[in-house]
Amino acid sequence: MDLEERTLEQVGDTCEECGAKLTPREQQAVLESGGPALCTTHAAEVVPLGDDEPEDAA
Ligand SMILES: [Zn+2]
């Protein structure tokens, strides 16, 4: 069972939204941003806000 290896292989290979195969350029952008694997189209829809601004902090 090589589940861990398989998981690592899949990261950054395809868009998590539409499943499109990422181009080397898109994969590079994912690596640089450290964000989820998204194609150019979907990456543009995601605004990198960060995790230090909770919207509904009581
Ligand atoms: Zn996509």
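The legends below accompany close-up views of a predicted model of a protein chain with a zinc ion.

**View 1. Overall fold and confidence of the predicted chain.** The protein chain contains three helices and zero strands, and from the N terminus on its elements follow the order α-α-α. Of its 58 residues, 16% count as buried, and the accessible surface comes to about 5,300 Å², with carbon and sulfur atoms contributing 51% of that area. Among the contacts with a separation of 6 or more, 15% join residues that are 24 or more positions apart. The mean pLDDT of the chain is 78, and 59% of the residues reach 70 or more. Confidence is lowest in helix α1 (residues 3-10), where the mean is 56, and highest in helix α2 (residues 24-33), where it is 89. Where pLDDT is low, the predicted coordinates should not be read in detail.

**View 2. The zinc site and its four donors.** The zinc ion is coordinated by the SG atoms of Cys15, Cys18 and Cys39 together with ND1 of His42, at 1.9 to 2.4 Å. Along the sequence these donor residues follow the spacing C-x2-C-x20-C-x2-H. The arrangement counts as tetrahedral because the angles subtended by the four donor atoms run from 101 to 118 degrees, and so lie between the limits of 85 and 135 degrees. For comparison, the ideal angle for four tetrahedral donors is 109.5 degrees.

**View 3. Exposure and contacts of individual zinc donors.** Cys15 has a relative accessible area of 4% and is therefore buried, whereas Cys18, at 44% relative accessibility, is partly exposed. His42, which is found in helix α3 (residues 40-45), is also a buried residue, with a relative accessible area of 17%, a value that falls under the 20% cut-off for burial. When residues up to four places away in sequence are not counted, His42 touches Cys15, Glu17 and Cys18; of these, both Cys15 and Cys18 are, like His42 itself, donors to the zinc ion.

**View 4. The largest nonpolar core.** Six residues make up the largest nonpolar core, namely Cys15, Leu22, Val30, Ala37, Leu38 and Cys39. Two of these core members, Cys15 and Cys39, also coordinate the zinc ion through their SG atoms. Val30 has its place in helix α2, and with a relative accessible area of 10% it is buried. Leaving aside neighbours within four places in sequence, Val30 is in contact with Leu22, Gly35, Pro36, Ala37 and Leu38, a list in which Leu22, Ala37 and Leu38 are fellow members of the core. Leu38, for its part, is located in the loop between α2 and α3, and its relative accessible area of 7% makes Leu38 buried.

**View 5. C-alpha separations from Asp13 to two core residues.** The C-alpha atoms of Val30 and Asp13 are 9.7 Å apart in space, while the two residues are 17 residues apart in sequence. For Leu38 and Asp13, which are 25 residues apart along the chain, the corresponding C-alpha separation is 9.0 Å. Both Val30 and Leu38 belong to the largest nonpolar core.

**View 6. Glu26 and Arg25, consecutive residues of helix α2 with contrasting exposure.** Glu26 is found in helix α2, as is Arg25. At 15% relative accessibility Glu26 counts as buried, whereas Arg25, with a relative accessible area of 74%, is exposed; the cut-offs behind these two assignments are under 20% for buried and over 50% for exposed. Not counting residues up to four places away in sequence, Glu26 touches Lys21, Cys39 and Thr40, and one of these partners, Cys39, is a donor to the zinc ion. The C-alpha atoms of Glu26 and Cys39 are 6.2 Å apart in space, although the two residues are 13 residues apart in sequence. Thr40 also serves as a reference point for Arg25, since the C-alpha atoms of Arg25 and Thr40, 15 residues apart along the chain, are separated by 9.3 Å.

Conventions. Residues are numbered from 1 along each chain as its sequence is written. This is a predicted model: local features need pLDDT of at least 70, side-chain atom pairs count only at pLDDT 80 or more; totals for chains, interfaces and linings use all residues. Side-chain values use heavy atoms; hydrogens and water are left out. Donors are N, O and S atoms within 2.8 Å of the metal (3.2 Å for Na, K and Ca); water is not among the atoms, so sites may look incomplete. Four donors count as tetrahedral if all angles lie between 85 and 135 degrees; four count as square planar and six as octahedral if opposite donors are over 155 degrees apart and all others between 65 and 115; anything else is irregular. Buried means under 20% relative accessible area, exposed over 50%, partly exposed in between (1.4 Å probe, protein chains only). pLDDT is the predictor's confidence in each residue, from 0 to 100. Helices (H or I, at least four residues) and strands (E, at least two) are DSSP runs, numbered from the N terminus. Contact means heavy atoms within 4.5 Å. Accessible areas come from the Shrake-Rupley method with a 1.4 Å probe; for residues, only the protein chains shown count as cover. A nonpolar core is a set of buried Ala, Val, Leu, Ile, Met, Phe, Trp, Tyr and Cys residues joined through side-chain atoms within 4.5 Å.
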